[in-house]
Amino acid sequence: MFVIIAGGGRTGAHLALLLGAQNHKVHLIEDRPDVLARIHQELPTEVIYQGDPTNLRMLELAGIRECQALAACTTVDADNLALCYMSRDRYGVPRTIARINNPRNAWLFDKKFHVDVAINQADLMAKLIAEEMSLGDMMTLVKLRKGEVALVEEKIAPGALAAGKLVRDLPLPKDCTLAAVIRKDAVLTVRGDTVLQPGDEILAVVSSQQQAALASLLGPPAGAIQPAPPPGRKHK
Amino acid sequence: MNIIVVGCGRVGAEVAYGLFSKGHKITVVDQDAAAFRNLPEDFRGLTLQGDVLTQDVLLRAGIERADALAAVTPSDSVNTVLGHIARVVFKVPHVVVRNFDPRKRSMHSAFGMQVISPVSMGAQRIEEILLGEPLHAVFRAGDGTVGIYQMTVPKAWHGKVLRELLPQEKYRVVALTRGDHSAMPKPGGPVESGDILHVGTTREDADALRERLEKLRKD
């Protein structure tokens with residue numbers, strides 16, 4: 001795939017590295033001298049296009065007519081919006097992805113400006129933190145469909161409703177599938193006759209509405225006093 | 001009319017005050033409250049401090065009922081994004097945006113925006129005066145491809161017929177001023193030395209006309 005990245009700050013440069021490592025063709029446009037000095041040390045020269053990314057001639061030079069996707073990663077929301085709009089309207093770029101810097105501007109990042117996918121960093125972080133606080137041990141690994149569905153991980157607590165039960169006997173909420181069990185560093189696929197044990201780490205795909213219901217099955221029994229978890233417990 | 005002016009720098013304050021003086025209802029929005037000091041003391045419109053791209057600020061400015069909006073901040077992308085929201089989301093009938101950095105003009109064109117470039121216009125006029133050009137633009141339509149230019153009839157044209165001097169397919173003479181009297185000239189009528197003509201034409205044909213006039217002046 002050929003991707004154009006506008007803006008070479010931390011997000012843009014990291015994305016360029018990531019895509020480059022996966023053998024995608026990447027062109028990154030940046031015009032701030034201090035940022036250019038830094039990314040020239042991190043990225044191959046042929047990736048970097050020096051100039052104003054909101055200038056149409058610069059976009060054309062970087063190959064906007066041929067690219068399959070545009071990632072608008074500048075630190076200016078209005079620039080990112082204008083970039084997505086021009087890329088689709090002028091050049092028919094098939095996919096546009098934009099970074100939202102100020103969450104209060106999020107309402108603009110949709111079809112009004114031809115934004116296919118908007119990444120709201122502050123909002124994602126805030127939601128993750130809020131989830132960590134409200135759902136105890138459940139941790140969101142990946143969000144799918146803009147966060148409607150997520151892949152989550154939760155450890156089965158001693159005394160949990162699911163502990164010692166066959167998977168087929170579990171009253172799983174709807175819109176929820178158990179994908180795998182991690183037991184003593186081995187990954188097991190989940191079948192109806194799998195017996196869940198305390199300490200098992202469950203990977204599940206679940207809709208956002210059903211996360212609390214799943215947590216009540218896998219987590220500590222209601223009314224149990226949760227000890228404060230030691231910091232950094234998720235990292236082995 | 002209900003008019004919103006976004007950006008209260010020199011241009012914004014001037015536009016806001018001018019429209020207020022003509023009796024319009026003005027709301028001026030700027031992210032920096034100190035900017036409102038650019039407005040004259042007797043300005044009686046509303047001022048609203050806030051983040052100009054956020055929905056609640058635009059709603060509080062009354063964008064749903066606005067008849068016109070001018071986006072004149074010092075950021076070209078903010079201006080064009082504001083203009084696009086005003087036109088497409090809120091259906092504001094009259095929208096104009098300011099081009100701040102002439103190098104970013106192509107962005108406004110990509111949005112099909114009604115755009116004004118005070119910097120480019122000023123620079124062109126200064127250039128014309130410095131070079132003492134016999135033809136200068138008094139009005140530019142849209143992106144400036146077509147404009148209305150002012151010229152003084154040279155001695156060599158005295159008594160000649162207008163349509164032979166300025167073929168109609170390229171030049172539309174909209175006014176002929178002699179003394180302080182102006183008229184819409186007849187294409188078949190004669191001109192006199194010193195007449196002032198206002199001519200609608202393209203930039204290209206204006207350049208050609210300017211060359212002809214400069215050549216006459218040298219001869």
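Guide: Quick bit of vocabulary before we look at this predicted model: two strands count as paired if DSSP finds at least two bridges between them.

Visitor: OK, so in chain A, how many bridges join β7(A) to β8(A), and which way do they run?

Guide: Five bridges link β7(A), residues 139-144, with β8(A), residues 149-155, and the two strands run antiparallel. As one example, V142(A) has L151(A) as its bridge partner in β8(A).

Visitor: What about the hairpin of β7(A) and β8(A), how many residues sit between the strands?

Guide: Four residues lie between the strands, and in that hairpin R145(A) takes a positive phi near 50°.

Visitor: And how many of the six residues of β7(A) are buried?

Guide: Zero, and β7(A) is hardly covered.

Visitor: Switching to chain B. What's in it?

Guide: Seven helices and eleven strands. Chain B has 219 residues, and 32% of them count as buried.

Visitor: Where does β2(B) stand, largely enclosed or not?

Guide: Strand β2(B) covers residues 25-30, and five of its six residues are buried, so the rest of the structure largely encloses it.

Visitor: Which strands does β2(B) pair with?

Guide: One is β1(B), residues 2-6, in the parallel sense over five bridges; there, I3(B) stands opposite I26(B). Another is β3(B), residues 46-49, also parallel, over four bridges, with L46(B) as the bridge partner of T27(B).

Visitor: What do β1(B), helix α1 and β2(B) make together?

Guide: A right-handed β-α-β unit, with helix α1 of chain B spanning residues 10-21.

Key
Residues are numbered from 1 along each chain as its sequence is written. Chains are lettered from A and ligands numbered from 1 in the order in which they are written. This is a predicted model: local features need pLDDT of at least 70, side-chain atom pairs count only at pLDDT 80 or more; totals for chains, interfaces and linings use all residues. A residue is buried if 20 or more other C-beta atoms lie within 10 Å of its own, exposed if 12 or fewer, and partly exposed in between; C-beta atoms are placed from the backbone. A crossover is right-handed if, with the strands pointing away from the viewer, the path from the first strand over the helix to the second runs clockwise.
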